[in-house]
Amino acid sequence: MRPPADLIDPDFVDHGRPPGVDERPGGVRSSSTLFHAAFSGFRGEIDEQVAEGDLVLTRKRFRGVHDGEFLGIAPTGRQVEIALIDIVRVRDARITEHRNVVDRLGLLEQLGGLPAGAAQ
């Protein structure tokens, strides 16, 4: 669920990027590439979306099979689901800022990086 390049403002800043990913527009593509390389069938599903003024809040889930290295974790073959909330600021029909809240602990638990129940 990567926004098309023409929807990203040239002055875009990503405050919620993964470690090591650029905060500028090129980082959006890098983030997407990182996840698509690590999780086959990587797809998103929107649960809720609310817009007010220049802000759009989206609660969604991403799913995929962990069959590529991800942040140093070898492929596990496990089906994973990542819950997150994105907040984007829009100006002149382009995304200018991005923030998010991601269940990283839940993802690590699914990948075997934490003991079962540790993320609760």
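Two strands pair if DSSP finds at least two bridges between them. In this predicted model, strand S1 meets that condition with strand S5, because 3 bridges join the two. S5 covers residues 94–102, and the two strands run parallel. Within this pairing, Ile8 of S1 has Ile95 as its bridge partner in S5.

The S1–S5 pair belongs to an open sheet of 5 strands. The strand order is S1-S5-S4-S3-S2, and the pairing is mixed. S1 and S2 stand at the edges. Each has a single partner strand, so one side of each lacks a neighbour in the sheet. Neighbouring strands are turned against each other by 25 degrees on average, direction ignored. Strands of a sheet pair through backbone hydrogen bonds, either parallel or antiparallel.

The protein as a whole has 2 helices and 5 strands. From the N terminus on, these elements follow the pattern β-α-β-β-β-β-α. The protein has 120 residues, of which 31% count as buried. Contacts were also sorted by separation in sequence. Among those between residues at least 6 apart, 48% join residues at least 24 apart. The exposed surface amounts to about 7,100 Å². Carbon and sulfur atoms supply 54% of that surface.

Charged side chains were examined next. Side chains of opposite charge can pair when their charged atoms come close. A search of the whole structure finds 11 salt bridges. One of them links Asp9 and Arg91, with the closest N and O atoms 3.4 Å apart. Asp9 lies in strand S1 (residues 8–14) and Arg91 in strand S4 (residues 79–91), so this salt bridge ties together parts that are 82 residues apart in sequence. The two partners were also assessed for accessibility. Asp9 is buried, with a relative accessible area of 7%. Arg91 is partly exposed, at 42% relative accessibility.

Arg59 and Glu48 form another salt bridge, and their closest N and O atoms are 2.7 Å apart. Arg59 is in strand S3 (residues 55–66) and Glu48 in strand S2 (residues 39–52), so the pair ties together parts 11 residues apart in sequence. Arg59 is partly exposed, with a relative accessible area of 35%. Glu48 is also partly exposed, at 45%. A further salt bridge joins the side chains of Glu97 and Arg89, at 2.9 Å from N to O. Arg89 is partly exposed, with a relative accessible area of 30%.

Some salt bridges share partners. Through such sharing, Glu45, Asp47, Glu48, Arg59, Arg61, Arg63 and Glu81 are joined into one network. Arg59 and Glu48, described above as a pair, are both members.

Another member of the network is Arg63, a residue of strand S3. Its relative accessible area is 19%. Arg63 therefore counts as buried, since the cut-off is under 20%. The side chain of Arg63 makes a polar contact with the side chain of Glu81, at 2.8 Å. Leaving aside residues up to four places away in sequence, Arg63 touches Gly41, Phe42, Arg43, Glu45, Gln79, Val80 and Glu81. Glu45 and Glu81, both in this set of contacts, are members of the salt-bridge network as well.

Conventions. Residues are numbered from 1 along each chain as its sequence is written. This is a predicted model: local features need pLDDT of at least 70, side-chain atom pairs count only at pLDDT 80 or more; totals for chains, interfaces and linings use all residues. Side-chain values use heavy atoms; hydrogens and water are left out. A salt bridge is a side-chain nitrogen of Lys or Arg within 4 Å of a carboxyl oxygen of Asp or Glu. Helices (H or I, at least four residues) and strands (E, at least two) are DSSP runs, numbered from the N terminus. Buried means under 20% relative accessible area, exposed over 50%, partly exposed in between (1.4 Å probe, protein chains only). Contact means heavy atoms within 4.5 Å. Accessible areas come from the Shrake-Rupley method with a 1.4 Å probe; for residues, only the protein chains shown count as cover. A polar contact is a pair of N or O atoms within 3.5 Å; within protein, one must be able to donate a hydrogen and the other to accept it, and residues adjacent in sequence count only if both atoms are side-chain atoms. Axes are lines fitted to C-alpha atoms, for helices over the stretch in contact, and angles run from 0 to 180 degrees between N-to-C directions.
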